[in-house]
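Got your viewer open? Let's take a walk through this protein, one selection at a time.

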Amino acid sequence: MRANDEALGEVRESLGEGTNDDEHDPEGPTMSDEWSKLTGLQTEGENELRELDAALERIEKNEFGMCESCGNAIGRPRLEARPYTTLCIDCARKAEAH
Ligand SMILES: [Zn+2]
């Protein structure tokens, strides 16, 4: 699915990280490598990969960056910290307070 590469490019643009102009090689770095570069985090384990898949699905449906609960924009600082989050900070706090 080469849509993933395009989706990652969109994430970069939406996060304002346009400095990495490397051409994507279809046989090159794995998706998790790309994501690690993007977020500065190490992706470990299947849970994170599953969250990443879900995030890419949301990008394809143009729902990336929208709160799953209230529909508001999640906000760039939060997306930079957790690109695969599905809740805005307010809803995440409510969910944690539960
Ligand atoms: Zn929300």
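Before we click on anything, one term: a residue is called buried when its relative accessible area is under 20%, and exposed when that figure is over 50%. Keep in mind too that you are looking at a predicted model.

**Stop 1: the whole chain.** Show everything as a cartoon. You should find five helices and zero strands, so to speak an α-α-α-α-α run from the N terminus on. The protein has 98 residues, and 31% of them count as buried. Switch on the surface if you like: the accessible area is about 6700 Å², with 46% of that belonging to carbon and sulfur atoms.

**Stop 2: helix α3.** Select residues 45–60. That's α3, with 16 residues. From its first C-alpha to its last, α3 reaches 23 Å, close to the expected 22 Å. Now colour Glu-48, Leu-52, Ala-55, Leu-56, Arg-58 and Ile-59, the buried residues of α3. Turn the view until you look down the axis of α3: these buried residues fall within an arc of 155 degrees, so they line one face of the helix. What sits on the face turned away from the buried side of α3? Pick out Glu-46, Asn-47 and Arg-50, which are exposed.

**Stop 3: just past the helix.** Step on to Asn-62, just after α3, and you'll meet a positive phi of about 60 degrees. Next, select Gly-65, in the loop between α3 and α4 (76–81). Is Gly-65 buried or exposed? Its relative accessibility is 10%, so Gly-65 counts as buried. To see what surrounds Gly-65, leave aside its neighbours within four places in sequence and show its contacts: Asn-72, Ala-73, Ile-74 and Leu-79. Then draw a distance from the C-alpha of Gly-65 to that of Pro-83: the two are 18 residues apart along the chain, with 8.2 Å between these atoms.

**Stop 4: the zinc ion.** Which residues hold the protein donors of the zinc ion? Select Cys-67, Cys-70, Cys-88 and Cys-91 and show their SG atoms, which lie 2.3 Å from the zinc. Along the chain, the donors follow the spacing C-x2-C-x17-C-x2-C. Both Cys-88 and Cys-91 are buried.

Now check the angles around the zinc ion. The four donor atoms subtend 105 to 114 degrees, which makes the arrangement tetrahedral. For comparison, the ideal angle for four tetrahedral donors is 109.5 degrees.

Technical notes:
Residues are numbered from 1 along each chain as its sequence is written. This is a predicted model: local features need pLDDT of at least 70, side-chain atom pairs count only at pLDDT 80 or more; totals for chains, interfaces and linings use all residues. Side-chain values use heavy atoms; hydrogens and water are left out. Donors are N, O and S atoms within 2.8 Å of the metal (3.2 Å for Na, K and Ca); water is not among the atoms, so sites may look incomplete. Four donors count as tetrahedral if all angles lie between 85 and 135 degrees; four count as square planar and six as octahedral if opposite donors are over 155 degrees apart and all others between 65 and 115; anything else is irregular. Buried means under 20% relative accessible area, exposed over 50%, partly exposed in between (1.4 Å probe, protein chains only). Helices (H or I, at least four residues) and strands (E, at least two) are DSSP runs, numbered from the N terminus. The expected span of a helix is 1.5 Å times one less than its number of residues. The arc is that of the directions from the helix axis to the C-beta atoms. Accessible areas come from the Shrake-Rupley method with a 1.4 Å probe; for residues, only the protein chains shown count as cover. Contact means heavy atoms within 4.5 Å.
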